[in-house]
Amino acid sequence: MLKGIPSILTPELLKVLMEMGHGDEIVLGDGNFPAASHAQRLIRCDGHAVPDLLKAILLLFPLDTYCEQPVALMAKVPGDTVETPIWSEYEAIISEHMKPAIEYVDRFAFYERAKSAYAIVATGEKALYANVILKKGVVVE
């Protein structure tokens, strides 16, 4: 164990976050996301919710300030009437670190983008449309 590191961040996830460079992307996939079939590097965080992981990751992970939208969410399929209250949670979490700049990506375009992500984190998140892509920025400290 280390002091100051949220315990929800596993050694494997910390290693991947450290390896990532500016512009690399990581996906936090909800429980329905096809993580194993899309991942170059798969990290299992079963039983954890995406908002909890997002809070912990953003304590250590700078979002890219050199692009307009360093956060991407999977857009609802046209005609789908499901509510997405988790998106408001994400905005609140992100706003603690920067002005929320969120892109909404078509489902199949999101899948394609996820395939080229540095890593995918498979979570136990039960909310629908709870998938997030984070683009890593530059550490300036």
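Leaving out neighbours up to four places away in sequence, Thr84 has Lys76, Leu128 and Tyr129 as its contacts. The model described here is predicted. This briefing starts with Thr84 and its surroundings, then turns to strand E1, helix H3, Arg113 and the largest pocket.

**Thr84 and Ile86**

- Thr84 sits in the loop that runs between strand E3 (71-74) and helix H4 (86-95).
- The relative accessible area of Thr84 is 14%, so this residue counts as buried, the cut-off being under 20%.
- Ile86 belongs to helix H4.
- Ile86 is also buried, because its relative accessibility is 5% and buried means under 20%.
- Not counting residues up to four places away in sequence, Ile86 touches Pro51, Glu125, Ala127, Leu128, Tyr129 and Ala130.
- One of these partners, Ala127, is 41 residues from Ile86 in sequence, while the C-alpha atoms of the two are 7.0 Å apart in space.

**Tyr129**

- Tyr129 is among the contacts of Thr84 and among those of Ile86.
- The loop between E5 and E6 holds Tyr129.
- With a relative accessible area of 10%, Tyr129 is buried.
- The phi angle of Tyr129 is positive, at about 55 degrees, although Tyr129 is not a glycine.
- Most residues other than glycine have a negative phi.

**Strand E1 and its partners**

- Strand E1 covers residues 25-29, and five of its five residues are buried.
- One side of E1 carries Glu25, Val27 and Gly29, and the other carries Ile26 and Leu28; both faces are covered.
- In a regular strand, side chains alternate between the two faces of the sheet.
- E1 pairs with strand E6 (residues 132-135) in the antiparallel sense, over four bridges.
- In the pairing with E6, Ile26 stands opposite Leu134.
- E1 also pairs with strand E5 (residues 119-123), here in the parallel sense and over four bridges.
- In the pairing with E5, Leu28 stands opposite Val121.

**Helix H3**

- Helix H3 spans residues 50-58, and seven of its nine residues are buried, so H3 is largely enclosed by the rest of the structure.
- The buried residues of H3 are Val50, Pro51, Leu53, Leu54, Ala56, Ile57 and Leu58.
- Pro51, one of these buried residues, is also among the contacts of Ile86.
- The elements that cover the buried residues of H3 include helix H1 (11-19), E1, strand E2 (42-45), H4, E5 and E6.

**Arg113**

- Arg113 is part of helix H5 (residues 107-115).
- Apart from residues up to four places away in sequence, Arg113 touches Glu25, Ala72, Glu103, Val105 and Ile133.
- With Glu25, the contact is polar: the side chains of Arg113 and Glu25 come to 2.6 Å.
- Glu25 is one of the buried residues of E1.
- Arg113 and Asp80 are 33 residues apart in sequence, and their C-alpha atoms are 22 Å apart in space.

**The largest pocket**

- The largest pocket holds about 300 Å³ of space.
- Its lining is made up of 15 residues, and those nearest the centre of the pocket are Phe61, Pro62, Leu63, Val138 and Val139.
- By type, the lining of the largest pocket has 11 nonpolar residues, three polar and one charged.

Notes: Residues numbered from 1 in each chain as written. Predicted model: local features only at pLDDT ≥ 70, side-chain atom pairs only at ≥ 80, totals over all residues. Heavy atoms only, no water. Helix = DSSP H or I, 4+ residues; strand = E, 2+ residues; numbered from the N terminus. Buried < 20%, exposed > 50% of the residue type's maximum accessible area, 1.4 Å probe, protein only. Contact = heavy atoms within 4.5 Å. Polar contact = N/O pair within 3.5 Å; in protein donor to acceptor, adjacent residues only side chain to side chain. 1 Å grid on protein atoms, 1.4 Å probe; cavity = no way out; pocket = protein on both sides within 12 Å on 5 of 7 lines; lining within 4 Å. Points joined across faces, edges and corners; volume = space filled by probe spheres on them. Nonpolar A, V, L, I, M, F, W, Y, C, P; charged D, E, K, R; others polar. Pairing = 2+ DSSP bridges.
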